[in-house]
Amino acid sequence: MAPREIRTDEVTQAVARMAKEANLFLPDDVRHALGQAAADEESPLGKATLEKILENAAIAARERVPLCQDCGLAVVMVRLGQAVHIS
């Protein structure tokens with residue numbers, strides 16, 4: 001099997017795209033879980049908070065601005081086979 005070569009700029013572009021998407025869009029399952037939690041929440045303050053999170057997510061997706069959420073550190077895991085070389 002001939003080695004496959006991947007350019008570093010391709011890796012950089014892919015990671016940048018994924019980071020932007022993660023800051024702009026909540027995954028469907030997360031959005032659904034927040035909606036269900038808001039529907040089930042008995043506390044008025046808790047319900048209002050969950051609804052604000054969903055509203056923020058809708059604004060972020062519509063206006064393409066980052067979601068307001070906890071800060072964190074991105075960890076990128078890459079699995080390469082022995083026949084892959086990054087140049």
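Is Arg-64 buried or exposed? Select Arg-64 and keep that question in mind; the tour returns to this residue after a look at the whole chain. Please remember throughout that this is a predicted model.

**Stop 1: the whole chain**

Start with a cartoon view. You should find 3 helices and 2 strands, arranged from the N terminus as β-α-α-α-β. The radius of gyration is 19 Å, well over the 12 Å that the globule rule gives for 87 residues, so the protein is more spread out than a compact globule. If you draw a box along the principal axes, the C-alpha atoms fill roughly 60 × 25 × 20 Å.

Now switch on a surface. The protein exposes about 7300 Å², and carbon and sulfur atoms supply 59% of that area. Buried residues make up 10% of the 87 residues. If you prefer a contact map, look at the pairs with a separation of 6 or more: residues 24 or more positions apart account for 64% of those contacts.

Colouring by charge is a good last step here. There are 10 positive and 13 negative side chains, and the centres of the two sets lie 7 Å apart.

**Stop 2: where the start of the chain meets a distant loop**

Select Ala-83, which sits in the loop between H3 and S2. Next, add Pro-3 to the selection. These two residues are 80 positions apart along the chain, yet their C-alpha atoms are separated by 4.4 Å. Leaving aside residues up to four places away in sequence, Ala-83 touches Met-1, Ala-2, Pro-3 and Arg-4.

One of those partners deserves its own click. Ala-2 belongs to the segment before strand S1 (4–6). With 62% relative accessibility, Ala-2 counts as exposed, because the cut-off for that label is over 50%. For a second distance, pick Arg-79: it lies 77 residues from Ala-2 along the chain, and the two C-alpha atoms are separated by 18 Å.

**Stop 3: helix H1 and the residues just before it**

Move on to Arg-7 and Asp-9 and show their side chains. They meet in a salt bridge, at 2.9 Å from N to O. Arg-7 is partly exposed, with a relative accessible area of 45%. Asp-9 is also partly exposed, with a value of 31%.

Then select Asn-23, which lies in helix H1 (residues 8–24). At 36% relative accessibility, Asn-23 counts as partly exposed. To get a feel for length along this part of the chain, draw a line from the C-alpha atom of Asn-23 to that of Gln-13: the two residues are 10 positions apart, and the line spans 16 Å.

**Stop 4: a pair in helix H2**

How far apart are the closest N and O atoms of Arg-31 and Asp-28? Select both side chains and you will find a salt bridge with a separation of 2.4 Å. The two residues are 3 positions apart in helix H2 (residues 28–40), so they are separated by about one helical turn. Arg-31 counts as partly exposed, at 37% relative accessibility, whereas Asp-28 counts as exposed, at 56%.

**Stop 5: a pair in helix H3**

Helix H3 (residues 44–63) holds another pair, Glu-55 and Lys-52, which are 3 residues apart, about one turn of the helix. Show both side chains: they form a salt bridge, with the closest N and O atoms 3.4 Å apart. Glu-55 is partly exposed at 43% relative accessibility, while Lys-52 is exposed, with a relative accessible area of 56%. If you would like to search for the rest, the count for the model comes to 5 salt bridges.

**Stop 6: back to Arg-64**

Finish at the residue that opened the tour. Arg-64 is found in the loop between H3 and strand S2 (84–86). Arg-64 counts as exposed, because its relative accessibility is 55% and the label applies over 50%. Before you leave, check the backbone torsions: Arg-64 has a positive phi of about 55 degrees, although it is not a glycine.

How values were computed. Residues are numbered from 1 along each chain as its sequence is written. This is a predicted model: local features need pLDDT of at least 70, side-chain atom pairs count only at pLDDT 80 or more; totals for chains, interfaces and linings use all residues. Side-chain values use heavy atoms; hydrogens and water are left out. Helices (H or I, at least four residues) and strands (E, at least two) are DSSP runs, numbered from the N terminus. Buried means under 20% relative accessible area, exposed over 50%, partly exposed in between (1.4 Å probe, protein chains only). The radius of gyration is taken over C-alpha atoms; the globule rule is 2.2 Å times the number of residues to the power 0.38. Contact means heavy atoms within 4.5 Å. Accessible areas come from the Shrake-Rupley method with a 1.4 Å probe; for residues, only the protein chains shown count as cover. Lys and Arg count as positive and Asp and Glu as negative; His and the chain ends are not counted. The place of a charge is taken as NZ of Lys, CZ of Arg, CG of Asp or CD of Glu. A salt bridge is a side-chain nitrogen of Lys or Arg within 4 Å of a carboxyl oxygen of Asp or Glu.
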